[in-house]
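Q: Could you pick one part of this structure and go through it closely, with the cut-offs spelled out as you go? I'd like the packing and any space around it in one connected story.

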Amino acid sequence: MEYDIAKEYLKIIQNKINMNEFDAALENAKKLTAYFPECAEGYYYQGICYYAIEDYQHSLNNYEKCIELDHNFPKAYYNLGITKYYLGQFKEALNYIEYAYKLFLKANNEEAYKKCLDSIDYIKEEHGL
């Protein structure tokens, strides 16, 4: 039963994000993590929403919480890296994206690890890392 409730929240959150309704998605993601504090995806989606509304510190905090709960969440590592990049923390950004690349490669997610490689190459070229 509880799993079904969490799944419903996740569907609502994803739909709101797809419609660019980030405030509503964030509200639902916060409810999800209030009811299910061990739900890594709830923090991941909060990270997405905070990033979209340009609250980068809260975005970072939520991606970090997601990773704390699930060390094998490559999308969270990638988005954490992108957020760090946006904040000018290029070396840290590179480290997180490289780690996401390894996780995506291990999962055989070709589209995602190619996206990581593109980001890695860009950061290295633009910032001499």
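A: Let's zoom in on one helix, then follow its surroundings outward. The model is predicted, so local features need pLDDT of at least 70 and side-chain atom pairs pLDDT 80 or more, while totals for chains, interfaces and linings use all residues. Residues count from 1 along each chain, and side-chain values use heavy atoms, leaving out hydrogens and water.

Our helix is α5, residues 74-86 (a helix is a DSSP run of H or I, at least four residues, numbered from the N terminus). One partner is α3, residues 40-52, packed against α5 at about 25 degrees with the axes 10 Å apart (axes are fitted to C-alpha atoms over the stretch in contact; angles between N-to-C directions run from 0 to 180 degrees). The two are therefore roughly parallel (under 35 degrees; over 145 is roughly antiparallel). On the α3 side, Tyr44, Ile48 and Tyr51 make the contact, and α5 answers with Lys75, Ala76, Asn79, Ile82, Thr83 and Tyr86 (contact: heavy atoms within 4.5 Å). By class, that contact splits into six nonpolar, two polar and one charged residue (nonpolar: Ala, Val, Leu, Ile, Met, Phe, Trp, Tyr, Cys, Pro; charged: Asp, Glu, Lys, Arg; polar: the others, Gly included).

Another partner of α5 is α6, residues 90-106, whose axis comes within 7 Å at a crossing of roughly 160 degrees. That makes the pair roughly antiparallel. From α5, the contact takes in Pro74, Lys75, Tyr77, Tyr78, Leu80, Gly81, Ile82, Lys84 and Tyr85; from α6, it takes Phe90, Glu92, Ala93, Tyr96, Ile97, Tyr99, Ala100, Leu103 and Phe104. Here the tally is 14 nonpolar, one polar and three charged. Lys75 and Ile82 turn up in the α3 contact and again in the α6 one.

Next, α6 carries on to α7: their axes come within 9 Å and cross at roughly 155 degrees, which makes this pair roughly antiparallel too. Among the α6 residues that meet α7 are Phe90, Ala93, Ile97, Ala100 and Phe104, and those five also sit in the contact with α5. Facing them, α7 offers residues including Tyr113, Cys116, Leu117, Ile120 and Ile123. That contact has 14 nonpolar, two polar and two charged residues.

Finally, the space: the largest pocket holds about 330 Å³ (an open set on a 1 Å grid where a 1.4 Å probe fits, with protein on both sides within 12 Å along at least five of seven lines; lining atoms lie within 4 Å of a point; points join across faces, edges and corners, and volume is the space filled by the probe spheres). Of its 17 lining residues, Tyr44, Lys75, Tyr78, Asn79 and Lys115 are closest to the centre. Helices α3, α5 and α7 (110-127) each give two or more residues, and α5 gives the most, five. The lining has 11 nonpolar, three polar and three charged residues.

Note on methods:
Angles under 35 degrees count as roughly parallel, over 145 as roughly antiparallel, 65 to 115 as roughly perpendicular and the rest as oblique.
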